[in-house]
Amino acid sequence: MHSLNYIPLALASGRYSSLILLAYILGALVIGIAFLAGLMATPPRYRKIVVMLVTFAGGLYFSLEFLLPHNPIYIGKYMIPGSRGVANLANGLTAAKPSVADWAMIIGSFALLLGVSNLFQIHGKAVRKKTPGWYNSLAFFITFFLIMIVGFLKDYKLGFLGSHNAAAFQAGSGNLYNILFNGFVQSLDATMFSLIAFYIVSAAYRAFRVKSAEAALMMGTAGVIMLGLVPVGAWLTNWLPHTGFFASMRLEQITYWLLIWPNMAVQRAIDFGLGIGALAMSLRIWLSLERGSFFDRQL
Amino acid sequence: MGTMSEFANPAVYVVEGLLVFFILWKILSARRGRQLFIRRIPGLSVLDEAVGRATEMGRPMLYAPGLSGLDIVGLQSMAIMSHVIKHAANYSTRVIVPLADPVLYTVAEEVAKDAYTTQGVPEQFMAEDIRYLTSQQFAWASGVVGILHREKVATAFYFGYYYAEALILAENGQMVGAIQVAGTPAITQIPFFLAACDYTIIGDEYYAASAYLSREPTLLGSLVGQDYGKLLIIGLVLLGVGLVTLKVIEPHVPLLHGFNTFAYNLFLKYFPRT
Amino acid sequence: MNLLFKLQSIDRRILYVLIAVVLAVPLLKRPSKHPDNVFPEVRNAYNVIDSVPKGKIVLLSCSWGAGTKAENEPQLDALMRHMFQKHIKFVVFSWDAAGSEITYQSAKRIQDDMHAKYGVDWAHLGYKTGATNAIISGMGENFQKVMGQDRFGVKLSKLPAVSFVKNYKQIGAVVDITSVSLMGYWISYLTTPKNIPLIYCPTAVMSAGAYQYLDSGQLRGMLNGVMGAVQYETLIGRGHARTDAAATSWALSAAHIFIILLIVLGNLGYLAAKRAGIHTGGPRVG
């Protein structure tokens, strides 16, 4: 943990900064390759055990950090032997949280690279083999590199162009970036989301039929909540007093009651069920008890 | 009432310990050969029928794992996908799987390959049918909608974590006349699936799916253990409601003071309101 | 009778045109009338922000994009304006690259409107990627180390708005403005363990699932979609301004009435057909 803190100090001081960074990167690469080579060299019957141990160790951090007592345990004046050591371990795990966060961000960044490399493979194959719709894959490459280059250039001045030209070039890149991001990406994203407004109309109109008493109850409740949450609902029952018994008949009050009592109870029940289901599945994966084609395969 | 602890308190040890105990106990008991009952889940029992429909119509099926990554939701989706592909393999029906996560894509490819191999038809596996589209939500949704319309799928399965794109997919599936079966732990999208799909599985039926379909002892045992856990939670809720009610009526019944203090120190202080 | 039967099978294209008109009219007219009633959870959210002590900041975690801009941006707008008014320092950060860009653009517009100063009154910390639980729990222990620098690469120690924040003790409140719900992570890993108030600002469809957390106290307040935002604007004194939130709330009203009417018409047609003994179709299998 302490050695990792040398990086910012060395970089901040400027001394040997690039060399140290290079050494860390190379070291990480060597360790990673050695680990993978070791795993590949492991006899197949032991690979599953290695995976099980790594899985278990990986899930251990947050469990221990939460479950282990952070203070020594006393029974009266008598401290349970070993509890101070356990508390020290627990506090050490808590202190390591920022470093764990760093590791999580680093590993998360790899997933970004993985996604990009996957896209390149798939679309590259489509362009090479000219499969049906290959021009869409070509469009992917053009837009990918265009927005990447323009995104970088809008923030950096190209000094070799001279200061006047560099500023103009940077401004131009900025404008192009705005067209691509705000004009294309944001607008397309918002357009796709807006389709839901239309689809909910057709789905509600087609599917919501009062075929039973329960359906009628659900429709009535849905109607009350839909109106109670918007200004027009409050307007509809505005003639009722704001205080007193009849105030509870105002549409927004009925809506609020429905949300905080029956709705809350049911949501809580569903959440308990989902939580226990998630606990069971997490436990099975953590203890390598999960079964299924992916988990039972030969490694 | 007490303050929320930053770390585990005795109630956590007891409740979580019991939950873990029930699950592991039932898994071990199932592995020892004990027969366990699981009720029929309509949305899952129709899977085979849905595969048959696609075969009769001579059109492919779509299996969309939503925006799930390599997490418990995604892995559960892969388990269900394996079952669907095994059935499809029996009838030589194509299954197209569009994915939104590059890591899950590699898993899906392996699962699909294994599923076809298990059924004895490895040659039916087509790598082009397992497609990583993009990680962007609506770009992925547009891609899936395109597949629905171009391939004119007869059956669509939506099992995974969904956000707003759920309704877009389900409505477009309606437009092409596909039979649609959906299951997601995302409570917010269940109403949309209910409105637009033919069958929907709700809440923790999603996590029960792999056990229901495979009848594998470990998974069945885990499912029964979960039910015991739910009984424990129900018991705790009833106990808590009872004790809090006694606390509320204490001013009118002073005799309850001693019992309430005992109940608070033993139980209630470990379940504080924040 | 034929007309009633036809009521349950109106061409969806006609419905799409009608809903487009119903939504467009209020958005174009932009009424400024804000609702008079304010839900208790919105008022609680206001009170939480209002009572953030000096020497503490507010974290605005934004996990939304262009798709939910109509709901989440008014929430960001109302909260930022309130904090600028009260001189409460805050940071905005996102969880993906596109979200970071769009939230910065929105926040900058509000900053310019309120004549606030970047780096002094607020800062944008870009985006974080990776295991959310690790990042959230890490920032509670060492904020400077985990968050590192702002979106422009400037170290946090050089920004007056945030240089004094060491750990959770300098965090006065967390606001989760989201379309994907990171509330569970905030509750589990920072706000409940460290007793920091959490305000939840989801899209409307997600808000129904938050009431149990409001009841248990794990959420201190909530802005329920754009309606929450428009009610919050009433509380911060913008009750007569022509805002996006107000226009959207009236568009929502119109759309809700339209959908209820359609459901009623569809059911009238269904009942008429049922009375006439005409089978209107059953579940589609095979």
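**Chain A, its neighbours and a sheet in chain B**

Chain A is divided into domain 1 (122-207) and domain 2 (211-286). The model is a predicted one.

Trainee: How many Å separate the centres of domain 1 and domain 2 of chain A?

Mentor: Start from the bounds: domain 1 covers 122-207 and domain 2 covers 211-286. Take the centre of each over its C-alpha atoms, and the separation comes out at 41 Å.

Trainee: Over to chain C, then. Which helix gives the most to the side of chain C that touches chain A?

Mentor: The contact draws 50 residues from chain C and 46 residues from chain A. Helices of chain C supplying at least two residues each are α2 (12-29), α5 (97-113), α6 (132-141), α7 (143-147), α10 (211-216) and α12 (244-275). With 13 residues, the top contributor is α12(C).

Trainee: And by class, how many residues on that side of chain C are charged?

Mentor: We're still on the side of chain C that touches chain A. Nonpolar residues number 25 there and polar ones 17. That leaves the charged class, with eight.

Trainee: What about chain B: which helix has the largest share of the side that touches chain A?

Mentor: Here 48 residues of chain B meet 39 residues of chain A. Plenty of helices chip in with at least two residues each, among them α1 (10-31), α4 (72-90), α5 (102-118) and α10 (217-249) of chain B. The largest share is nine residues, and it belongs to α5(B).

Trainee: How many residues on that side of chain B are nonpolar?

Mentor: Again, split the side of chain B that touches chain A by class. There are six charged residues and 13 polar ones. The nonpolar count is 29.

Trainee: Now the sheet in chain B. Which are the edge strands?

Mentor: It's an open sheet of six strands with parallel pairing, in the order β3-β2-β1-β4-β5-β6. An edge strand pairs on one side only. In chain B that description fits β3 (130-132) and β6 (199-201).

Trainee: Which residue is the bridge partner of Pro98(B) in β3(B)?

Mentor: Strand β2 (residues 95-99) of chain B runs parallel to β3(B), and three bridges join the two. Look in β3(B) for the partner of Pro98(B), and you land on Arg131(B).

Trainee: Last one: what angle does the direction of α4(B) make with that of β4(B)?

Mentor: Helix α4(B) packs on the sheet, where it touches β1 (61-66), β2 and β4 (155-161) of chain B. Comparing the direction of α4(B) with that of β4(B) gives about 160°.

How values were computed:
Residues are numbered from 1 along each chain as its sequence is written. Chains are lettered from A and ligands numbered from 1 in the order in which they are written. This is a predicted model: local features need pLDDT of at least 70, side-chain atom pairs count only at pLDDT 80 or more; totals for chains, interfaces and linings use all residues. Two residues are in contact if their C-beta atoms, placed from the backbone, lie within 7 Å. Helices (H or I, at least four residues) and strands (E, at least two) are DSSP runs, numbered from the N terminus. Ala, Val, Leu, Ile, Met, Phe, Trp, Tyr, Cys and Pro count as nonpolar, Asp, Glu, Lys and Arg as charged, and the others, Gly among them, as polar. Two strands pair if DSSP finds at least two bridges between them. Axes are lines fitted to C-alpha atoms, for helices over the stretch in contact, and angles run from 0 to 180 degrees between N-to-C directions. Domain bounds come from an automatic or database domain assignment.
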